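Subject: Structure handover

Hello,

The structure is below, with notes on what was found in it. Please read the notes with the coordinates open.

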Amino acid sequence: MKKKYNFKGGIQCISIKKDPREYFLNYLPDPEKFFIYIKYSHFKKNRLRVKVGQEVLCGQPLTFGDDLIVPVHSPTSGWIKNIYFNPKSSDKNQEKIKIVILSNHLNKWIRLKTIKNYKTYTPQSLIKIIYQSGIVGLGGAQFPSSKKLTLSINKVHTLIVNGIESEPCMTADYCLMQNYINEILIGCKIVAWISKVKDILIVIQEDKTELILKIQKIIENKQLFKLCIIRKKYPGGSSKILIKSLTGKEIPYGKHSIDMGYLVFNVATIYAIKRSIINGEPLIKRIVTLYNKDKNILSKNFWVKIGTPIHFFLNYLKIDSNLNTLIYSGGVFMRYLIVNLNYSIQKNMNCIYVKKNKKNKKKIEYPCINCGYCVHACPVNLLPQEMFLYCKNSDNQKLKQLNILDCIECTVCEKVCPSNIPLVKYFRIGKKIQKNIDIENDRKKLFSSLFRKREKRLLIEKKIFYSKDQISNIKKLDIFSRTQEKEENNSINQKIIEKSLRKEMLKEAIKRAKLKR
Amino acid sequence: MNILYISNAYDVRKIMILVILACIPGLCTEIYFFGYGVLIQMLLFIIISLLFELIILKIRRKNIKNSLFDCSSVLTAVLLGLSIPFVLPWWMIIFGCFFSIVISKYLYGGLGQNIFNPAMIAYVVLLISFPVHMSSWNEKNSSLSFYKDIKNSINLILFHQKKYDFKEKIYPDSFTEATPLDDFKTKSHFNYDLSQEELLIKKKTKNVSIAWKYINISFLIGGLFLLYKNIICWRIPLSFLSSLFFFSSTTYFYSQNIFCSPLFHLFSGGTMICAFFIATDPVTTSSTKIGKIFFGSIMGFLVWIIRNYSDYPDGIGFSVLFANMIVPLMDAYLKTSGYGRKNS
Ligand code: SF4
Ligand code: SF4
């Protein structure tokens, strides 16, 4: 057996029983209405490409992207029923635009541009295609892949294909790899060609033995590829921890894995890149795992179009969504409660977790007994019990010393804690406060530097003013002794200084205006 | 907690109950060697400390059900009962319980807030105030055994009546039979010749030392059970025992007359119960990994010093309390926290 990579901390999960249902892929029919939510940091109306009542085709871009957000595509053919704007909401995580598309169930595609031989294109043009197809990291980060690729050109030496699903109930990536392994390998080659990578590591967890054997057979003669097996442990899938367990090195604070020469991509992202370049399809669907805790039989994977409302998804599978069921996005560990069932499947949603709400079973919350289980379990070497203490007392300086911003909110500490303390709840609040404090500090620094600049400027102005006075005095005293040349010189100097001053003032004004926004 | 997917999931209450269960082998051997008084005393300890806790919770208006049934005070009482000799009268038991539950636990703020180990506080307080009672360990088979049956031991504990068998001769050492550690200490201080009587005493102490060996071994078994169950961390017992072994073996190598052997150190007195049950009390130890190793080794060193040089026979209580005092300091300075901060 090959070497198994491991990392410190984390929780061991019992692996899921082998079930043929795990790698069957089902298709979901089109719903009547699609809801597409678009996040914009600075809302601009002219970013929209469509109008109310306009007819759209499948795969037609709905927006222009900007350098932060990739374009969004229509998942179906039909017409646009409504566009809602919600620019007032102050919460940054909330979506600003909601587009409602009525489907005509025809699924007419726009003309797709296919590429047979991608090696004839330059990397830049390939990246542009990836950008135009709207591909983001499908593992959950939602970072635009095109940006990652542009950063990585000539900088990285290894591509890590992340096929790990540390959440025990998720099987979406496993399912994808079972069914489309050849296409994924082509995608790997495309990425390797774009960013000039020498090695490709495919990382899989140890319990997927069938898949490991399959990949080993395919890879055998290819030098570029390598297979790495990782222990079944939560959270192995996070890129920080993945690199640490593969190489033993930690990414220095404030840097990215690209700076260390590693490019990490999720399997699903690589599949999407392949589809976009070879087949020309934009990203409009993804695999979603549905996990129903009370009836384990229903756990299956589906191709779901992005924008499908969740209530349609649940209704189709005859899962009653009344008050007694809780619906989360995410797995057992990292999950968020979905309150609004009109909310639709997003690009980063890889699992939907349905659970019965049991009211009678209440956990007792004991005080922290300082047992240190959480310290041993934390995969990024934090001290959760001290962080909890300081969060409770809101001691922000101590929190900063404990590096609370490094917490990846994996909820391992919370699951291990024998006292049933909701630790991550506290950490989220603490992190928010920390971020606000950081922003405030930055602002203060900037304003103080501006103030100092202003003082300097005033000083210079004063000097010029007094020198003017002196000149006039001198003029009055002895007009004849001074030659005219010197005066001219003085005036020219003055003009230059004033010009530079004006420039500076303009720059500062622009900066201030940016901050105010 | 989702038991389906996570392999070890504990609750505070479950941890406490498992630790109490792990005490059972030690308890059985103690009953075998010292008679039923052990059991009665233990029950008294548990009942009285629960009563104290109930009163305090009533006064502080806390949720009685949750706090009373987390079993932490039961565990404290059990540990206290195991580390104390078994002839204490009832008022001394109440005194000990008062110190352990009220003063060292609830005056500091309840479970999880105390800096000192409650069982050891009570032990030390009793040791300082009643040194004679606390250092007399009576054996079941000795000449003056009044603990053979339950009735006598109840009489002894509750009413402090001793029914002596006057047919047998009373040796001056019979009331307060010294522990082997005590015996060793007196011997090392005065080099005296063994007379006829003393030979008899020596025989008896030998008996006692064998009893201690078995008791320690049974605690070791309980501790290994806890380690297997992943409840306690291996760092504290290992570092404690190894540092004790290290110091005692080097000095034993230096002079065999003055110092006793490392094995004797490991298997006598309260070494094993301290290593696996008392020192690993989560509340009062450091929670970082390096801190735990430091904690254990400091304790081993202190135990060795107190056993060899101080006037008290066994230094477990004092060394635990002293190491507890250092814990906040260690927590403040032995911190390694954060991901990727070493390089920057
Ligand atoms: S949630 Fe944060 S503190 Fe807790 S284990 Fe995960 S990274 Fe560590
Ligand atoms: S696991 Fe829970 S009880 Fe134990 S130290 Fe951490 S926060 Fe405290």
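A helix here is a DSSP run of H or I with at least four residues, and helices are numbered from the N terminus. The model is predicted.

Cavities

With that numbering, α6(A) supplies 5 residues to the lining of the second largest cavity, the largest share of that lining. The helix α6 of chain A spans residues 267–279. At least two lining residues each also come from α3 (172–195) and β13 (285–292) of chain A. The lining has 18 residues in total, and those nearest the centre of the cavity are Y271(A), A272(A), L283(A), K285(A) and W303(A). By class, 12 of the lining residues are nonpolar, 1 is polar and 5 are charged. The space inside the second largest cavity comes to about 200 Å³. In the whole structure there are 9 cavities of 30 Å³ or more.

Ligands

Ligand 1 is surrounded by residues of chain A: C378(A), P379(A), V380(A), P384(A), C407(A), I408(A), E409(A), C410(A), T411(A), C413(A), V424(A) and F427(A). This shell divides into 10 nonpolar, 1 polar and 1 charged residues.

The shell of ligand 2 includes the cysteines C368(A), C371(A), C374(A) and C417(A). Also around ligand 2 are I369(A), N370(A), G372(A), Q385(A), P418(A), S419(A) and L423(A). Here the classes are 7 nonpolar and 4 polar, with no charged residues.

Individual residues

C413(A), listed above around ligand 1, has its C-alpha 9.2 Å from that of I11(A), although the two are 402 residues apart in sequence. I11(A) belongs to strand β2 (residues 11–12) of chain A. Its relative accessible area is 4%, so I11(A) is buried.

S329(A) sits in strand β15 of chain A, which covers residues 325–330. Is S329(A) buried or exposed? S329(A) counts as buried because its relative accessibility is 16%, and the cut-off for buried is under 20%. Leaving out residues up to four places away in sequence, S329(A) touches M334(A), R335(A), Y336(A), I338(A), M349(A) and C351(A).

Chain B

In helix α1 of chain B (residues 12–22), the buried residues are V12(B), I15(B), M16(B), L18(B), V19(B) and A22(B). These residues are on the same side of α1(B), because they cover an arc of only 165° around the axis.

Regards

Note on methods:
Residues are numbered from 1 along each chain as its sequence is written. Chains are lettered from A and ligands numbered from 1 in the order in which they are written. This is a predicted model: local features need pLDDT of at least 70, side-chain atom pairs count only at pLDDT 80 or more; totals for chains, interfaces and linings use all residues. Side-chain values use heavy atoms; hydrogens and water are left out. A residue is near a molecule or strand if one of its heavy atoms lies within 4 Å of it. Ala, Val, Leu, Ile, Met, Phe, Trp, Tyr, Cys and Pro count as nonpolar, Asp, Glu, Lys and Arg as charged, and the others, Gly among them, as polar. On a 1 Å grid over the protein atoms alone, a cavity is a set of points where a 1.4 Å probe fits but cannot get out, and a pocket is an open set with protein on both sides within 12 Å along at least five of seven lines; lining residues have an atom within 4 Å of a point. Grid points are joined across faces, edges and corners, and a volume is the space filled by probe spheres set on the points. Buried means under 20% relative accessible area, exposed over 50%, partly exposed in between (1.4 Å probe, protein chains only). The arc is that of the directions from the helix axis to the C-beta atoms. Contact means heavy atoms within 4.5 Å.
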